[in-house]
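Here is a walk through a structure that may be new to you. Take a look at it first, and then we'll go through it step by step.

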Amino acid sequence: MQFLTSSAPFIAPQNSVQKMMLWVLIALMPGIITMVWQFGYGVLANIIICVSTALITEAIMLRLRGRALGPALSDLSAVVTAVLLALALPTLAPWWIPFIGTFIAIVIAKHLYGGLGYNPFNPAMVAFAILMVSFPKSMTVWALPHSLLPTGISFSDIVAIVLDQQPKQTLIDAITAATPLDEMKTQLGLNQTVEEIRASSIFASLSGRGWQWVSIAFLLGGLILLFKRIISWQIPVGLLAGLFTISFAFYLLEPSVTPSPLFHLLSGGAMLGAFFIATDPVTAATTPKGRFIYGVLIGLLTYIIRTWGGYPEGIAFAVILINMAVPLIDYYTPPRTYGHK
Amino acid sequence: MKLWSFHGGLPSLAEHKNESVNLPIEVAPIPKTLTYPLGQHIGNAAKPLVQVGDKVLRGQKIAAAQGVVSAPIHAASSGTVSKIADHLIPHPSGFSAPSITIETDGLDAETDYTPHADFQQLTAPQLVDIVREAGIVGLGGAAFPTAIKLNTQSKAVDIDTLILNGAECEPYISCDDRLLKERASRIIEGIEILLHMLGAKRAILAVEDNSPDTFSSIQEAINSNNNQAINATQIPTIYPTGGEKQLIQTLTGKEVPSGKIPADIGIVSINVGTVYAIQQAVIEGKPLTSRIITVTGEGVNKPHNLEVRIGTYISALIDVCHGYTKQAERLVMGGPMMGFALSSDSIPVVKATNCILVASQHEVITEKQAMPCIRCGLCASACPVSLSPQQLYWFSRSDQLDKAAQLNLSDCIECGCCDVVCPSHIPLAQHFRYAKSALKVQNHEKQLSNIARERFEAREERLARDKAERAERSRKKKAALKNKPAKEEIDAAVSRSKTKKNSIHNED
């Protein structure tokens, strides 16, 4: 009898890109739910706009590049990029912010570099950084947490803001505020002490009001990824350890004008960045040692940017800058092969 | 016993042992035809000792080893040599190679054997000779001539530990397990022979912890034998723990240095099937003519563990297993991780064949849609020798073999772990097999070109030397010419001749 042949191993793969991306999306759920709970439905508007833009631009780019649509669209990588960007954006943003951001992420940061697997920079963070530099005003409009808005934000207000129907400035002023990191930086610049600054209502016991729960929810989601072995521990542990160590060192030196390490870990995008963004496999270091170094460097750079840089939050810039160092890090940290010294 | 662990591996690989592990070994009937590829071991092909038309007996040597790294071949039943010609061999590329074919006569008449029940009286070199003449090669799948492995006299390091590899880590295969279960006492006797040959202090027989029955039958055999030097141990079932390097690491915590062999660190590791063959060769004087083969998979009606005459066609084994099922999709020799697919069942089994897996469509992956590498590094964490498969893939795909070699490509054991964990379904093992052989060719060519270059340079040097010597000689000659007729002498001669002329004139 005759048979067709193929090459070993003959066992079906245990894993797929789609499965990994699906787990990332599942692990984001606690964070997304907490964000909606704390900051309202604007988050969902961001996600919807980002995901639909991502799928459309991904399909167009694949078509232009003469690639098959099916496998690339169903791998969910574009969806993950879109959701990560959506979660990094202000929770109340006009539609063109997520739209332009996603366009940059998919078209420029991903496909112009060769598509999935070939992009040296984290697409979501490239988009975030370009938006931050280009539209600083729109990028700092963050909704207040629900506990500071007794009446909440009405659905029609969200629609008005998302559709960019020039809502009254008084409305925006009433429901938005600077982020805790932004406020901390501004007030420290005005020679306030941390204790005085944190008396403001936008702060809570751990970090920012609302923000602290979102951070903890992303931490939980991150633990799911670790448990499911979708990500390895080196990057998140390295990043959080780097951020903790440097903030603790300066906290010991000048506790009155330095926010606590806990504040740093539970503010802004630290948790989202540590577990979901810096761990993007395509743009991260690949060796175990290299991944730890990569994480630590992002953690240190995040603190440096937050403390002495021009922007209140440094995760995006830190990730992009350390992405550039990845080939070097990988080159100097190869694993020791069996039987070699 | 203290155990160590090795890096990576696949702890959750489906074992598929239940299909065959409880089936006792049955002796396959004498087939009508036996075919022996002359090159069924690592090294030089054997040289035929018979001619077409010759009558042969079971156990008769029909081909002799050529050179040191080679092994003789023996007929597995009596009959007539019908053909010595190219025949399809079990090879991933479907090659044909010179083979001896015997039509059996069904009498199974045996040649005379020389048993050595008192092996203690024999010296190590005598025992090595017996193993060599019995045609024994590594039956775990590598088919390396065992006599070379056992000839450790010339080694600088004394052999301290003998490892018996009963860790059958590939899914589906149960031939070693059955052998250990049913013939444990003979294997223990084989271990005693090996201890005597090698002068090793201890022997460790390792089996995976997924087969407690086997372990207890081994323990029983050891207890009744009462040799303190022999120990059995169970090791965690993690593919590829039966790989020689991984097993050594698990049992001793030592690594075999790259490019060296276990004997360099005082270890010899032998598959249990091979130990059984050694026991048969020494105690009963029987050469290697049969082995245990697992025939399994959803593609056969009744899986079997068979004692098969080497040279039997796969199709004959399938008949023993009541034929193919409708689902038969791939014919694999060896296990699903490291075996290779055959295009036809009109191929004989060889000494290295431990399993015939006829897999159904849902047991094997028939087509893989490879996606771009996302650098997730799962391959690196699964690699039992700690390579960086994603980088090796990059370099082997773009034929940058030098860079791949720098990343220790040649240390790849082709276990396929990276392949199975890859979320992008990239056929990594295939890429590495290709790159490794391309690298070998490249190194070979480099060697040849080095030799050619050295010869060229030597020639150039010789020519330059000759030229220099010639120049030196002519320079010396010239100098001699210049120096000899000194000016005064010439002048003197001229004046002499002048005066002579003058005097002649004057005489006129």
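**Where the chains meet**

Let's start where chain A and chain B touch: 52 residues of chain B and 36 residues of chain A take part in the contact. Keep in mind as you look around that this is a predicted model.

Which parts of chain B supply at least two residues each to the side that touches chain A? There are strands and helices on the list: β15 (328–333) and β16 (340–342), then α9 (378–382), α12 (417–421) and α13 (428–483) of chain B. Sort the residues on this side of chain B by class and you get 30 nonpolar, 15 polar and seven charged.

Now stay with chain B and look at its domains. The domain assignment splits out domain 1, made of 25–29 + 120–309, and domain 2, covering 378–432. Taken over C-alpha atoms, the centres of these two domains of chain B are 29 Å apart. The domains do touch, with five residues from domain 1 of chain B and four residues from domain 2 of chain B in the contact. On the domain 1 side of chain B, those residues come out as one nonpolar, three polar and one charged.

Finally, let's zoom in on a pair of strands in chain B. Strand β10 (residues 202–208) and strand β11 (residues 230–235) of chain B run parallel, joined by six bridges. If you want a spot to find by eye, try B:Ala206, which sits opposite B:Thr233 in β11(B). Add helix α5 (residues 212–225) of chain B, and β10(B), the helix and β11(B) together form a right-handed β-α-β unit.

Technical notes: Residues numbered from 1 in each chain as written. Chains lettered and ligands numbered in written order. Predicted model: local features only at pLDDT ≥ 70, side-chain atom pairs only at ≥ 80, totals over all residues. Domains from an automatic or database assignment. Contact = placed C-beta atoms within 7 Å. Nonpolar A, V, L, I, M, F, W, Y, C, P; charged D, E, K, R; others polar. Pairing = 2+ DSSP bridges. Helix = DSSP H or I, 4+ residues; strand = E, 2+ residues; numbered from the N terminus. Right-handed = clockwise from strand over helix to strand, strands pointing away.
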